[in-house]
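Work through the exercises below with the sequence and the model side by side, trying each task before reading its solution.

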There are 2 protein chains.
Amino acid sequence: MDLSQRKQKILKAIIDEYIGTAEPVGSRAISKKDDLGLSSATIRNEMADLEDMGYLIQPHTSAGRIPTDSGYRFYVDSLIERYKMSVEALEKLNMIMAERVNHLELIIKKASLIASTLTEYTTVVTSPKLNGSVIKKLELINLGHGSVMILVVTKTGIVKNQSVAVTLSDKQASELTKIISDRVSGLSSDELTFDVIKDIEKTAKKKADIPPKVLINILNFVYETIDSLDETEIYVNNAKSILSYPEFSDTKKAREMLEFLDNKENLVKLIGTPKDNVDVKIGTENEFTELENSSLVTVNYKVGDKVVGRIGVIGPKRMNYAKVIASLDCISNQVDKILGEMYREESEE
Amino acid sequence: MDLSQRKQKILKAIIDEYIGTAEPVGSRAISKKDDLGLSSATIRNEMADLEDMGYLIQPHTSAGRIPTDSGYRFYVDSLIERYKMSVEALEKLNMIMAERVNHLELIIKKASLIASTLTEYTTVVTSPKLNGSVIKKLELINLGHGSVMILVVTKTGIVKNQSVAVTLSDKQASELTKIISDRVSGLSSDELTFDVIKDIEKTAKKKADIPPKVLINILNFVYETIDSLDETEIYVNNAKSILSYPEFSDTKKAREMLEFLDNKENLVKLIGTPKDNVDVKIGTENEFTELENSSLVTVNYKVGDKVVGRIGVIGPKRMNYAKVIASLDCISNQVDKILGEMYREESEE
DNA sequence: TGTTAGCACTCACCTCTTTCGAGTGCTAAC
DNA sequence: GTTAGCACTCGAAAGAGGTGAGTGCTAACA
């Protein structure tokens with residue numbers, strides 16, 4: 001059954017009020033808002049209807065109403081007003097994003113920081129999953145006394161390094177660097193199969209004088225390092241903000257939430273897979289019970305047309321959805337633009 | 001005035017009890033501990049004396065006593081028992097530290113993680129301030145389309161990189177890499193003065209065909225990157241643990257503390273400068289009011305004889321000092337050993 | 001002279017009761 | 001259909017005792 005215009009207005013007024021105060025909303029509070037000139041009695045009748053329909057509940061008989069998850073859902077789907085980003089917010093966003101950086105990670109960290117600054121909620125972002133970063137440079141650096149560093153740089157400016165406990169001479173290191181580098185640079189990380197590694201092993205055996213055991217050890221680590229280029233990283237920002245909300249005035253709850261936010265696996269599950277562009281999950285719509293009193297808003301960000309990562313905001317169910325959605329939308333657009341440019345450059349070459 | 005043996009025993013018993021329960025300690029509770037066969041009345045008299053001397057206070061007339069800051073101070077200085085690390089703890093420590101790593105930062109992060117695991121309090125560590133990491137490798141990598149990455153690796157395996165928005169050809173990049181690298185590798189970071197940079201500029205102008213503006217821009221960033229090798233980093237671990245303690249059951253207090261722990265400047269001030277080997281600061285002994293209900297235990301860690309960084313544990317005033325001190329002592333010894341080895345290798349070469 | 005039993009006293013905390021008021025639903029009148 | 005009015009509900013705040021863990025002090029004892 002559809003909601004009458006009036007019911008919608010009332011529901012919206014109630015949720016707006018509740019988002020601001022976190023207190024059950026009474027009929028009088030709504031009737032005093034003069035936009036709809038109705039008495040509290042009328043509002044009461046309508047509220048009773050809305051409760052029957054499952055959009056509101058009373059925490060106890062003599063209290064006002066608070067929205068249910070379906071109430072919020074209806075609000076988010078149909079009632080929400082377009083939030084106009086403030087000029088200052090937009091300026092801030094543009095300013096921070098304008099500094100040009102060539103580290104994908106840095107861009108994403110920035111985006112996360114901006115999101116948490118604009119919304120004042122906790123943000124969670126995944127680093128771009130590019131599946132095929134092109135290797136620009138690979139080098140073995142002899143650190144001396146039994147350890148060699150493997151260093152890989154991609155065209156997009158990702159740097160990974162790892163130490164291996166093997167002994168090489170400087171000459172061996174540079175020979176091997178050349179052999180591996182020749183075969184590997186220009187390759188994308190997913191083109192580096194075990195066959196390629198085998199291939200390198202053969203060449204190295206012929207050309208360089210390195211004990212087979214050492215060689216295999218190094219090549220394994222090379223594979224690992226390059227493989228790790230595509231690993232999804234997760235960054236959490238402003239987790240402490242949850243302590244500002246009455247929903248978490250119980251430290252035990254707060255601690256559980258912080259522990260949840262510390263667990264990368266949870267978070268990957270939570271926001272790891274691409275969904276609709278702007279995705280809102282309210283309370284129990286989330287797959288984790290830890291979030292049954294929270295909401296999660298996520299957006300994708302893309303390179304070209306391909307979704308490569310996500311930015312999410314976690315806050316209390318009564319979060320300012322309009323603002324969060326608008327902010328994330330802006331931010332993801334900016335990120336798309338910047339990554340788009342970087343990507344275009346890469347494919348042009 | 002000195003404390004009689006008996007008073008010391010009683011004070012110790014009270015503080016031990018309070019550390020466990022966080023509740024004011026009454027005379028009966030102490031007299032029931034049969035180690036000193038005294039009636040509660042006697043204990044009461046002694047407690048009254050200890051209160052007069054400033055080691056204890058009563059939160060209110062009809063409550064037990066709790067230690068004052070001076071009480072804790074006396075406890076820490078004179079009464080504390082040597083804590084015997086459990087075999088499991090030592091094993092864990094050895095196991096984690098045994099994996100050999102050549103990244104200074106990784107070692108320190110590990111140490112911090114272990115400290116927070118062993119003590120269950122928040123840990124704060126500073127990265128090693130070596131003042132003179134020796135540069136092993138410096139490279140300019142042309143990422144194409146107006147950006148060049150500067151990459152520096154030290155002998156100890158620190159990797160720093162930064163992008164500059166300039167356009168170079170691959171040839172120019174490799175020429176310049178050679179010029180800079182020749183002059184700079186083997187140098188320690190504090191030997192890289194502006195004079196050296198000027199020197200490089202001159203050489204580059206002669207040998208390479210690079211617009212002066214671009215050159216200066218790049219060299220500035222090179223300087224900056226190398227300079228940043230010696231920056232102190234601060235890592236905080238397990239900050240959320242404060243939520244477990246009744247001292248922070250008020251979320252406002254907890255939030256303030258978490259904000260304090262987020263502010264790197266505060267933390268650098270707090271633990272940045274070397275002090276006695278094991279340093280305990282109780283409550284108001286700390287220079288920050290945010291810590292007036294907390295205690296801070298710090299240890300130095302060294303390379304050879306030189307103190308290069310510190311590890312600290314922040315917890316409630318009624319923390320388990322014996323355990324924390326013992327744990328930190330162990331950890332710093334381990335770190336000293338590992339860093340000592342790394343350093344020896346470096347100077348041998 | 002140090003120790004202890006005994007006792008009066010204090011005061012936070014708990015529980016029980018009361019009051020208060022914000023909110024409701026229902027009914028009758030407009 | 002809307003609204004004024006009223007009885008009703010019930011959580012939260014305020015008040016009133018009661019309880020008990022703690023104290024300090026005194027007097028008696030070894």
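**Exercise 1.** Find which elements of chain B the buried residues of helix 11 pack against, and work out why these residues line one face of the helix.

*Solution.* Helices (H or I, at least four residues) and strands (E, at least two) are DSSP runs, numbered from the N terminus. The model is a predicted one, in which local features need pLDDT of at least 70 and side-chain atom pairs count only at pLDDT 80 or more, while totals for chains, interfaces and linings use all residues. Residues are numbered from 1 along each chain as its sequence is written, chains are lettered from A and ligands numbered from 1 in the order in which they are written, and side-chain values use heavy atoms, with hydrogens and water left out.

Step 1: the buried residues of helix 11 (residues 264-271) of chain B are Asn266(B), Leu267(B), Leu270(B) and Ile271(B), where buried means under 20% relative accessible area, exposed over 50% and partly exposed in between (1.4 Å probe, protein chains only).

Step 2: seen down the axis of helix 11 of chain B, these buried residues fall within an arc of 100 degrees, so they line one face of the helix; the arc is that of the directions from the helix axis to the C-beta atoms.

Step 3: by contact (heavy atoms within 4.5 Å), the buried residues of helix 11 of chain B pack against strand 3 (122-126), strand 7 (234-237), helix 10 (251-262), strand 9 (294-303) and strand 10 (306-316) of chain B.

Step 4: Glu265(B) and Lys269(B), on the other side of helix 11 of chain B, are exposed.

**Exercise 2.** Identify which residues come nearest to DNA strand D, and find which polar side-chain atoms meet the strand.

*Solution.* Step 1: there are 22 residues around DNA strand D (a heavy atom within 4 Å of the strand), and Arg6(A), Thr42(A), Ser62(A), Ser27(B) and Arg65(B) come nearest.

Step 2: of the atoms of DNA strand D that come within 4 Å of the protein, sugar and phosphate account for 75%.

Step 3: a phosphate oxygen of DNA strand D lies 2.6 Å from a polar side-chain atom of Arg6(A), and a phosphate oxygen of the strand is also 2.6 Å from a side-chain N or O atom of Arg65(B). For Arg44(B), a side-chain N or O atom is 3.1 Å from a base nitrogen of DNA strand D.

**Exercise 3.** Decide whether Gly146(A) is buried or exposed, and locate what it touches.

*Solution.* Step 1: Gly146(A) sits in the loop between strand 4 (135-144) and strand 5 (147-154) of chain A.

Step 2: Gly146(A) counts as buried, because its relative accessibility is 19%.

Step 3: leaving out residues up to four places away in sequence, Gly146(A) touches Val164(A), Ala165(A), Val166(A) and Thr167(A).

Key. Polar contact = N/O pair within 3.5 Å; in protein donor to acceptor, adjacent residues only side chain to side chain.
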